[in-house]
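This note is offered to accompany a first reading of the structure. The points are numbered so that each may be checked against the display in turn.

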Amino acid sequence: MAVKLAVLVMVVVVAAVEATSRGTSAGGGGASLCKMNEDGLLACKPSVTKPNPADPTAACCKALSSADLTCLCSYKNSMVLPALGIDPDLAMGLPVKCGLPVPAGCSGMKQP
């Protein structure tokens, strides 16, 4: 389950980066998705990008811990991630790596 949640996190990262590059934002304060702001999304990006993914940073895990994980889970089967250079398997592993609980409705994710 946590792996799929991480995919959602990466979708958020990508959406934020794209929205920022287009000059759009959510709420006028920068891009955000599922309660993760642009800084949090960008902090997680190196952890879900091949060929040399980094371990999630404290900033990434902090952002993920305050995100709406159920919302992020809704992106688990999105085809957007690979198109944006995000490895879905790496993304779905972030919550576990950050020691976060998996939301009840996020089937298929592995518990930490």
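Is cysteine 60 buried or exposed in this model? Cysteine 60 has a relative accessibility of 0%, under the 20% limit, and therefore counts as buried. The points below place this residue in its setting; the reader should bear in mind that the model is predicted.

1. **Overall arrangement.** The protein chain contains seven helices and two strands. Read from the N terminus, the order of these elements is α-β-β-α-α-α-α-α-α. Of its 112 residues, 44% count as buried. The chain exposes about 5,500 Å², and carbon and sulfur atoms supply 56% of that area.

2. **Contacts across the sequence.** Among contacts in the protein chain with a separation of 6 or more, 78% are accounted for by residues 24 or more positions apart. The disulfides described next offer particular examples of links between distant parts of the chain.

3. **The disulfides in general.** A disulfide is a covalent bond between the sulfur atoms of two cysteines. The count for this model comes to three.

4. **Cysteine 44 and cysteine 60.** These two residues are joined by a disulfide with an S to S distance of 2.0 Å. Cysteine 44 belongs to helix H2 (residues 38-44) and cysteine 60 to helix H3 (residues 58-65), with the two 16 residues apart. The angle about the S-S bond is 105°, and the link is right-handed. Cysteine 44, like its partner discussed above, counts as buried, at 0% relative accessibility.

5. **Cysteine 34 and cysteine 71.** Here the S to S distance is 1.9 Å. Cysteine 34 sits in the loop between strand S1 (32-33) and strand S2 (36-37), whereas cysteine 71 is in helix H4 (residues 69-73); they are 37 residues apart. The torsion about the S-S bond is about -55°, so this disulfide is left-handed. The partners fall into separate exposure classes: cysteine 34 is buried at 9% relative accessibility, and cysteine 71 is partly exposed at 25%.

6. **Cysteine 61 and cysteine 98.** The remaining disulfide joins cysteine 61 to cysteine 98, with an S to S distance of 1.9 Å. Cysteine 61 is in helix H3, and cysteine 98 is in the segment after helix H7 (94-97), 37 residues away. With -75° about the S-S bond, this link is left-handed. Cysteine 61 is buried, with a relative accessible area of 15%, and cysteine 98 also counts as buried, at 16%.

7. **The two sides of helix H3.** Which residues of H3 are buried? They are Cys60, Cys61, Ala63 and Leu64. Viewed down the axis of H3, these buried residues fall within an arc of 160°, so they line one face of the helix. The face turned away from this buried side carries the exposed residues Ala58 and Lys62. As background, an α-helix has 3.6 residues a turn, so residues three or four places apart point the same way.

8. **The nonpolar core.** In soluble globular proteins, nonpolar side chains tend to be buried together. The largest nonpolar core in this model has 20 residues, and those with the most contacts inside it are Met36, Val48, Leu64, Leu72 and Leu94. H2, H3, H4 and helix H6 (88-92) each supply at least two of the core residues. The largest share, four residues, comes from H3.

9. **Serine 47 in the loop between H2 and H3.** Serine 47 is located in this loop. It has a relative accessibility of 3% and therefore counts as buried, the limit being 20%. A polar atom of its side chain lies 3.1 Å from the backbone oxygen of alanine 54. Leaving aside residues up to four places away in sequence, serine 47 touches Pro53, Ala54, Asp55, Pro56, Leu90 and Leu94. Leu94 is also among the residues with the most contacts inside the largest nonpolar core.

10. **Backbone details to inspect.** Proline 51 also has its place in the loop between H2 and H3. A cis peptide bond joins lysine 50 to proline 51, with omega about 15°. In the loop between S1 and S2 lies lysine 35. Its phi is near 70°, a positive value in a residue other than glycine. Lysine 35 is exposed, with a relative accessible area of 65%.

Key. Residues numbered from 1 in each chain as written. Predicted model: local features only at pLDDT ≥ 70, side-chain atom pairs only at ≥ 80, totals over all residues. Heavy atoms only, no water. Disulfide = S-S within 2.5 Å. Buried < 20%, exposed > 50% of the residue type's maximum accessible area, 1.4 Å probe, protein only. Core = buried A, V, L, I, M, F, W, Y, C linked by side-chain atoms within 4.5 Å. Contact = heavy atoms within 4.5 Å. Areas by Shrake-Rupley, 256 points an atom, 1.4 Å probe, with all protein chains shown as cover. Arc of directions from axis to C-beta. Polar contact = N/O pair within 3.5 Å; in protein donor to acceptor, adjacent residues only side chain to side chain.
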